[in-house]
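Here's a walk through one model, taken a neighbourhood at a time. Keep the viewer open as you read.

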Amino acid sequence: MVALALDVGGTKMAAARVRADGTLDPPRTVPTPVHGVWAACAQLLRQVAAGDEVTAVGIASAGPVDTGAGSVAPINIDEWARGFDLADAVRGLFPRAGVRLAVDGAAAALAEHRLGAGRGTADLVGVVVSTGIGGGLVLGGRIAGGRTGNAGHIGHMVSGAGTEACACGGAGCVETVASGPAAVRWARGHGWSGADGAALARDAGAGDPVAVAALGRAGTALG
C-alpha cells in the first residue's frame, strides 16, 4: 500500500509518503502559486507518488472546508476561495485511492493527540498560527468536526484586539491580529522594518520593543 499525506496552505503545499507507523518520509514542499494551484498540487502529488499505485490520500487543507462534499474554500488562496472540489480532483489522479479531507487545524490536533504533545490525553484543542489562524478539536480520540468539518477553526472568531477588515467578510477576526502576516503588518505600521515573521520572532527574542509588542498583541488575541 502507498499512502500519501497532502497539506495545502496559503503559503506552501507539502506532500509525503506515510509509513505504516503513521510517520512520514521527508516531505516535498512547493510554494502555493497565485494561479494554477491545482496544477502545482497535482504535480507535487505525482512526484511524491513516483509512479506507484496510490491506495490512500489524507488531505489537510486551510479552511473553511466541507468534509462531506470533499471541497475546500480557503480564504488565503484566492483561486479556490469560492470553492474547489479537492477530494474529487485527487481521486482523478489516483482512481483506486481512498481520500479523506480535514481542515488543517483538526489534522494537526489529531497528530498531536496520537504522536505528539497530546499523547495520553482524552481530549485536546489544537491551535495553528501561520499564514492564517486555524484550530481543531479532538474529543475522545477523534476529530470533532461538526457539520462540515470546521469545528475548532478559531481564526474567524472576533477578537477585541482588532477592527481590521478580514478576507472572510468580517472585521476584527483573530486572524487579522494574530497570524504571521498580521503581526508583521502591525509591527511595520509601528516603525519596525524587518522582512517577515521569522525576523519578527528573532527581534522579539532580542528585546526589540515593537516586535515584543506585536507578538504580545497576537498572543493576547489568541489567549
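Contact here means heavy atoms within 4.5 Å. With that in hand, start at helix 5, whose buried residues pack against helix 4, helix 6 and helix 7. Bear in mind that this is a predicted model.

**Around helix 5**

Which residues of helix 5 are buried? In helix 5 (residues 180–189) they are Ala182, Ala183, Val184 and Ala187. In an α-helix there are 3.6 residues a turn, so residues three or four places apart point the same way. Just past the end of helix 5 comes Gly191, with a positive phi of about 100°.

Two of the partners of helix 5, helix 6 and helix 7, also pack on each other. Helix 6 (residues 197–205) and helix 7 (residues 209–222) meet at an angle of about 110°, and their axes are 7 Å apart. That angle falls within the 65 to 115 degrees that count as roughly perpendicular, so helix 6 and helix 7 are roughly perpendicular to each other. The crossing of helix 6 past helix 7 is left-handed. On the helix 6 side, the contact uses Leu200, Ala201, Asp203 and Ala204, and helix 7 brings Ala211, Val212, Ala214 and Leu215. By class, this contact of helix 6 with helix 7 has seven nonpolar residues, no polar ones and one charged.

**Helix 1 against helix 2**

Now move to another helix pair. The axes of helix 1 and helix 2 come within 11 Å and cross at roughly 45°. That makes helix 1 oblique to helix 2. The crossing of helix 1 past helix 2 is right-handed. Helix 1 makes the contact with Trp38, Ala42, Leu45 and Arg46, while helix 2 uses Leu86, Ala89, Val90 and Leu93. Sorted by class, the contact of helix 1 with helix 2 comes to seven nonpolar residues, no polar ones and one charged.

Here are the two helix pairs in a table.

| Pair | Angle | Axes | Crossing |
|---|---|---|---|
| Helix 1 and helix 2 | roughly 45° | within 11 Å | right-handed |
| Helix 6 and helix 7 | about 110° | 7 Å apart | left-handed |

**An aromatic cluster**

Trp38 of the helix 1 contact turns up again among the rings. Ring pairs link Trp38, Trp80 and Phe84 into a cluster. How many aromatic pairs are there? With ring centres required to lie within 6.5 Å, the count comes to two aromatic pairs. In one of them, the rings of Trp38 and Phe84 have their centres 6.0 Å apart and their planes at 40°, so the pair counts as tilted. Trp38 sits in helix 1 (residues 37–49) and Phe84 in the loop between strand 6 (71–72) and helix 2 (86–93), so this pair ties together parts that are 46 residues apart in sequence. The other pair, Trp80 with Phe84, is stacked, at 4.4 Å centre to centre with 5° between the planes.

Are the tryptophans Trp38 and Trp80 buried or partly exposed? Trp38 has 22% relative accessibility and counts as partly exposed, whereas Trp80 has 2% and counts as buried.

**Val72 and His153**

Val72 lies in strand 6 and is buried, with a relative accessible area of 1%. Leaving aside neighbours within four places in sequence, Val72 contacts Ser61, Pro64, Val65, Trp80, Gly83, Phe84, Leu86 and Leu101. Two cluster members, Trp80 and Phe84, are therefore among the contacts of Val72, and so is Leu86 from the helix 2 side of the helix contact.

Pro64 is another of the Val72 contacts, and Pro64 lies in the loop between strand 4 (56–61) and strand 5 (65–66). The bond joining Gly63 and Pro64 is a cis peptide bond, with omega about 5°. In general, most peptide bonds are trans.

His153 touches both partners of that bond: not counting residues up to four places away in sequence, the contacts of His153 are Gly63, Pro64, Val103, Ile133, Gly134 and Gly135. His153 lies in the loop between strand 10 (142–143) and helix 4 (175–178), and at 17% relative accessibility counts as buried.

**A last stop at Ala50**

Ala50 is in the loop between helix 1 and strand 4. Buried or exposed? Ala50 is exposed, with a relative accessible area of 54%. Its phi is positive, about 55°, although Ala50 is not a glycine. Most residues other than glycine have a negative phi.

Conventions: Residues are numbered from 1 along each chain as its sequence is written. This is a predicted model: local features need pLDDT of at least 70, side-chain atom pairs count only at pLDDT 80 or more; totals for chains, interfaces and linings use all residues. Side-chain values use heavy atoms; hydrogens and water are left out. Rings of Phe, Tyr and Trp (its six-membered ring) pair if their centres lie within 6.5 Å; planes under 30 degrees apart count as stacked, over 60 as edge-to-face and the rest as tilted. Helices (H or I, at least four residues) and strands (E, at least two) are DSSP runs, numbered from the N terminus. Buried means under 20% relative accessible area, exposed over 50%, partly exposed in between (1.4 Å probe, protein chains only). Axes are lines fitted to C-alpha atoms, for helices over the stretch in contact, and angles run from 0 to 180 degrees between N-to-C directions. Angles under 35 degrees count as roughly parallel, over 145 as roughly antiparallel, 65 to 115 as roughly perpendicular and the rest as oblique. A crossing is left-handed if the near helix is turned anticlockwise from the far one by less than a right angle, and right-handed if clockwise. Ala, Val, Leu, Ile, Met, Phe, Trp, Tyr, Cys and Pro count as nonpolar, Asp, Glu, Lys and Arg as charged, and the others, Gly among them, as polar.
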